[in-house]
Number of protein chains: 2
Amino acid sequence: MSRRPQTEIAVLGALSIEPMTGYALRAAIISTLGHFWSESFGQIYPTLARLEADGDVRKDGRQFAITPAGRERLRNLLGEPIERTPPRNGLLLRLFFGRTLGREACADLLRTAHTEALATLETLAAIRAEVDAEDENPDRPYFLLTLAAGEASARAQAEWATSAIAALRD
Amino acid sequence: MSRRPQTEIAVLGALSIEPMTGYALRAAIISTLGHFWSESFGQIYPTLARLEADGDVRKDGRQFAITPAGRERLRNLLGEPIERTPPRNGLLLRLFFGRTLGREACADLLRTAHTEALATLETLAAIRAEVDAEDENPDRPYFLLTLAAGEASARAQAEWATSAIAALRD
DNA sequence: AGAAACATGTAAAATGTTACATGATTGT
DNA sequence: ACAATCATGTAACATTTTACATGTTTCT
């Protein structure tokens, strides 16, 4: 259940794209990986310190840069089995006990979920426009893959919410 | 970030459907809520002890049963805002850095994800057959809602994986 | 009787977030 | 100069899982 390796993937991965400070690292993780990953300062700085001690990153002034050893380590980490976090969907937990919660409250939850899914789709569309423009970026095909995953999931959520609201009316 | 209320929802919710032992509670959470929720013994027993001290559950022999006060508490908890766990999708984290991981390894990950999504759909189909048969169950409409969410998400994942594998070939 | 499953509980270890302390840099 | 933002780091707190210890019940 150790997430350490996965935190290291996020940190080394971001640094493999360009050197940056720990502060910028967090901003990059929020803005770029935000739809499928998250890290807090409390994880980032200790991880950077460990990676520096191991020679996987080097501190140039305030910027952290990945070293050749770090790239090698990133390659190895990426090949390790995916660690699953236990599922925890608060919306479905509430809907499952919907008889106690009440039909109207359930419909409210579903309308909120629908609105959020549409908002996510808008955000992702904006990101897609940006990424589409980066013609030369060798990472682009992979960025687009993860983007498509977010879009597929948000579309599915929106459609499900719509049909669930309809189902509740009967 | 306190998940305590949500653990209590899972425990009180399960007991609102029928009384059972702590051991059976875990089995019920795994088998019935398993696609969107999880709890371990280390959470379940302390939560039961707390709920019993508060008068929300009563121990009859080894069975725990929800009390009227517990039903009231469950209603209140269900109405509280949903606590989000930070997103953490190890598959997308790896694909995002796919240039370093390599195209073939990415395709492998996607094929595995596709297979898993199909397996989930099969499991859910079996559950749907059971739930469909429970004609008299007043919880059924809500169970079906959460089931549909799982199906929509698994279908979306399967379709995305298929198109992502195709996209990688170019 | 012996094995397997049922049942309870807790301590240790890991994980992770939040809040705070502290200071440097930049823009107005 | 002053405010805002950038930047680093850590300590306290909360959360969770895992592993272990310990029995009971049921089945063969």
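Contact here means heavy atoms within 4.5 Å. Keep that in mind, as I use it throughout. One caution before we start: this is a predicted model.

Let's begin with the long helix in chain A. Helix α7 of chain A runs over residues 103–133, which makes 31 residues. From first C-alpha to last, α7 reaches 46 Å. At 1.5 Å a residue you would expect 45 Å, so the two values are close.

Which residues of α7 in chain A are buried? They are A:C106, A:A107, A:L109, A:L110, A:A113, A:A117, A:L124 and A:V131. And what do these buried residues pack against? In chain A, the partners are α5 (90–96), α6 (98–101) and α8 (140–168). Chain B joins in as well, through its own α8 (140–168).

Take one residue from that list. A:L109 sits in helix α7 of chain A. Setting aside neighbours within four places in sequence, A:L109 is in contact with A:L91, A:R94, A:L95 and A:L101. Its contacts also include B:I82, from the other chain. Now look at A:A65. A:L109 and A:A65 are 44 residues apart in sequence, and their C-alpha atoms are 44 Å apart in space.

That takes us to the domains. Chain A is divided into domain 1, residues 4–79, and domain 2, residues 90–168. Over C-alpha atoms, the centres of domain 1 and domain 2 of chain A are separated by 28 Å.

Next, the hairpins. In chain A, strand β1 covers residues 57–60 and strand β2 covers 63–66. They pair in the antiparallel sense, over four bridges. One of the partnerships joins A:D60 in β1 to A:Q63 in β2. The hairpin has two residues between its strands. A:G61, in the turn, has a positive phi of about 65 degrees.

Over to chain B. Strand β1 (57–60) and strand β2 (63–66) of chain B pair in the antiparallel sense, again over four bridges. Here B:K59 stands opposite B:F64 in β2. Two residues lie between the strands of this hairpin. B:G61 in the turn has a positive phi of about 70 degrees.

On to helix α1, starting in chain A. A:P5 lies in α1 of chain A. Is A:P5 buried or exposed? Its relative accessibility is 18%, and the cut-off for buried is under 20%, so A:P5 counts as buried. Beyond four places in sequence, A:P5 touches A:L77, A:E80 and A:E83. A:P5 and A:I82 are 77 residues apart in sequence, yet 9.9 Å apart from C-alpha to C-alpha.

In chain B, helix α1 spans residues 4–17 and holds B:T7. B:T7 is buried, at a relative accessible area of 1%. Not counting residues up to four places away, B:T7 touches B:E39, B:Q43 and B:T47.

Now the loop after α2. A:L33 lies in the loop between α2 and α3 (41–53) of chain A. A:L33 is buried, with a relative accessible area of 3%. Which residues does A:L33 contact, leaving aside neighbours within four places in sequence? From chain A, they are A:A10 and A:A28. From chain B, they are B:L93, B:F96 and B:F97. There is also a long step in sequence to consider: A:L33 and A:F143 are 110 residues apart along the chain, with 9.8 Å between their C-alpha atoms.

Both of those residues turn up again in the next item, the second largest pocket. About 560 Å³ of space lies in this pocket. Its lining has 24 residues. Lying nearest the centre are A:S31, A:T32, A:L33, A:F143 and B:F96. Four elements of chain A give two or more residues to the lining: α1 (4–17), α2 (22–32), α7 and α8.

Last, cavities. How many cavities of 30 Å³ or more does a search of the whole structure find? One. The largest cavity has a volume of about 40 Å³. From chain A, its lining takes A:S16, A:I17 and A:D139. From chain B, the lining takes B:F96, B:F97, B:R99 and B:T100. At least two lining residues each come from α1 of chain A and from α6 (98–101) of chain B.

To tie up one thread, B:F96 is in contact with A:L33, lies among the residues nearest the centre of the second largest pocket, and lines the largest cavity. That's the tour.

Terms used. Residues numbered from 1 in each chain as written. Chains lettered and ligands numbered in written order. Predicted model: local features only at pLDDT ≥ 70, side-chain atom pairs only at ≥ 80, totals over all residues. Heavy atoms only, no water. Pairing = 2+ DSSP bridges. Domains from an automatic or database assignment. Buried < 20%, exposed > 50% of the residue type's maximum accessible area, 1.4 Å probe, protein only. 1 Å grid on protein atoms, 1.4 Å probe; cavity = no way out; pocket = protein on both sides within 12 Å on 5 of 7 lines; lining within 4 Å. Points joined across faces, edges and corners; volume = space filled by probe spheres on them.
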